[in-house]
Amino acid sequence: MAILRCNNCAYLREVPNEHVGKTVKCPVCEQASAIHDTVVFVKKLIDKYGVLLGKYRELEQAASPGTEVLRSDTRLLKVEEVDLHNTAVMTNSMQYKPIISWFERKNVQVEVNHNALDTQGFYDEVAVELGDNFPVLQDVLDRIRKAQRNNYASVVLNLNDYSQNQIKTITGFCKNLYEFSFVAKYFYNKNEKRVHLTLQSMSAIVGFFNGEWLEWYVFMKLLKHFYESKGLFSCLRNFNIQFANEDKYEVDVFFLINGRIPVFIECKSGEFRSFIEKYCKMRRRLDIAKENFLLLVLGVSDEQVSGLTKMYDITFVNEAGFIKHIAGLVT
């Protein structure tokens with residue numbers, strides 16, 4: 001991979017090799033920035049490091065003649081790959097600054113929620129496990145949500161009608177809920193094929209099962225997609241925007257691809273019909289192309305997605321097809 005490095009703001013990102021030698025606008029500060037061959041770029045860094053290290057050793061010797069000089073085998077620390085499920089890197093203001101600028105050009109103010117970008121907790125892991133196995137885990141989620149609505153303290157899951165593979169998926173998920181403290185107690189009676197869960201009543205956990213998990217799922221799947229594709233992007237989740245007339249709205253997920261392609265995603269795990277008009281109006285106010293403004297509705301069929309998209313002025317997607325749709329926006 002090649003490297004885009006801005007000399008003005010120090011923005012750094014990998015890009016495909018075919019862009020080597022080109023000059024592009026920095027997605028953060030919009031200054032002209034060169035794209036370098038990675039090997040050549042690293043060699044130059046090492047050369048500069050060697051010069052600076054030599055000067056440092058000279059200064060150290062001059063200041064403390066009797067002190068041991070730095071060993072000759074000193075190495076630069078390796079840059080490890082980002083662990084997307086355990087990082088605060090997305091909370092860095094330089095990461096989401098292009099999104100702030102994009103909204104400001106439309107006279108819209110942004111209020112960032114840094115907690116919604118920090119993946120050092122376990123919300124993201126549980127959300128991805130739930131979303132990736134939703135056809136099997138849907139009943140588990142429904143039972144938990146029903147118990148929470150009725151203020152029940154526990155849930156019992158009867159697994160007699162499930163296959164062995166499905167039982168393995170369900171019990172593994174429930175065990176992880178306990179390991180990550182999403183439930184207070186977990187017990188599986190293998191003979192009776194029953195799972196016993198004692199629920200947590202904290203508002204953050206209740207909110208997660210009530211729909212926030214879907215935001216985390218969409219956010220993490222897109223994050224993984226763009227990191228693996230080495231594309232340029234900025235992202236925000238669960239943040240507020242305010243228009244010039246002081247109308248204020250919460251946005252579930254927003255990505256800005258290559259500094260110019262907005263992707264607005266509203267996630268609905270339950271009733272969505274009453275929100276259609278609201279988001280059609282918001283799309284027009286933000287002047288986002290229809291194919292880039294998505295209402296992701298959990299569990300709707302591909303046929304419903306197609307029909308609803310033709311009927312309304314926004315694009316409908318489901319949890320199975322949103323990645324493919326968004327990938328098509330940048331090809």
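Here is a short dialogue on reading the core, helices, backbone and empty spaces of this structure.

Student: What should I know before I start reading?

Tutor: This is a predicted model, where local features need pLDDT of at least 70 and side-chain atom pairs count only at pLDDT 80 or more, while totals for chains, interfaces and linings use all residues. Residues are numbered from 1 along each chain as its sequence is written, and side-chain values use heavy atoms, with hydrogens and water left out.

Student: How many helices and strands are in the chain?

Tutor: Helices (H or I, at least four residues) and strands (E, at least two) are DSSP runs, numbered from the N terminus. Here you get nine helices and 13 strands.

Student: And what share of the chain counts as buried?

Tutor: Buried means under 20% relative accessible area, exposed over 50%, and partly exposed in between, using a 1.4 Å probe and protein chains only. Of the 331 residues, 40% count as buried.

Student: How do I read a nonpolar core, and which residues touch the most other members of the largest one?

Tutor: A nonpolar core is a set of buried Ala, Val, Leu, Ile, Met, Phe, Trp, Tyr and Cys residues joined through side-chain atoms within 4.5 Å. The largest one has 85 residues, and Trp 213, Phe 219, Phe 254, Phe 255, Ile 265 and Leu 286 touch the most other members. Helix 6 (residues 203-229) gives this core its largest share, 13 residues. There's also a second, separate core of ten residues, including Cys 6, Val 15, Cys 26 and Val 28.

Student: What does Ile 265 touch?

Tutor: Contact means heavy atoms within 4.5 Å. Leaving out residues up to four places away in sequence, Ile 265 touches Val 218, Leu 222, Asp 252, Val 253, Leu 294, Leu 296 and Ile 326.

Student: How do I read the buried side of a helix?

Tutor: An α-helix has 3.6 residues a turn, so residues three or four places apart point the same way. Take helix 4 (residues 134-149): its buried residues include Phe 134, Leu 137, Val 140, Leu 141, Ile 144 and Gln 148. Their cover includes helix 3 (123-132), strand 6 (154-158), helix 5 (164-179), strand 8 (194-199) and helix 6. In helix 3, Val 126, Ala 127 and Leu 130 are among the buried residues, with helix 4, helix 5 and helix 6 among what covers them.

Student: Where should I look for positive phi?

Tutor: Asn 151, just after helix 4, takes a positive phi of about 60°. Ser 181 isn't a glycine either, yet has about 65°; its place is the loop between helix 5 and strand 7 (183-189), and Ser 181 is partly exposed at 41% relative accessible area.

Student: How do I find empty space, and how much lies in the largest cavity?

Tutor: Rolling a probe the size of a water molecule over the atoms shows where empty space is left. On a 1 Å grid over the protein atoms alone, a cavity is a set of points where a 1.4 Å probe fits but cannot get out, and a pocket is an open set with protein on both sides within 12 Å along at least five of seven lines; lining residues have an atom within 4 Å of a point. Grid points are joined across faces, edges and corners, and a volume is the space filled by probe spheres set on the points. About 40 Å³ lies in the largest cavity, whose lining includes Tyr 11, Val 28, Leu 232 and Gly 259.

Student: And the second largest pocket?

Tutor: That one holds about 650 Å³. Of its 27 lining residues, Leu 232, Ile 257, Asn 258, Gly 259 and Arg 260 are the closest to its centre.
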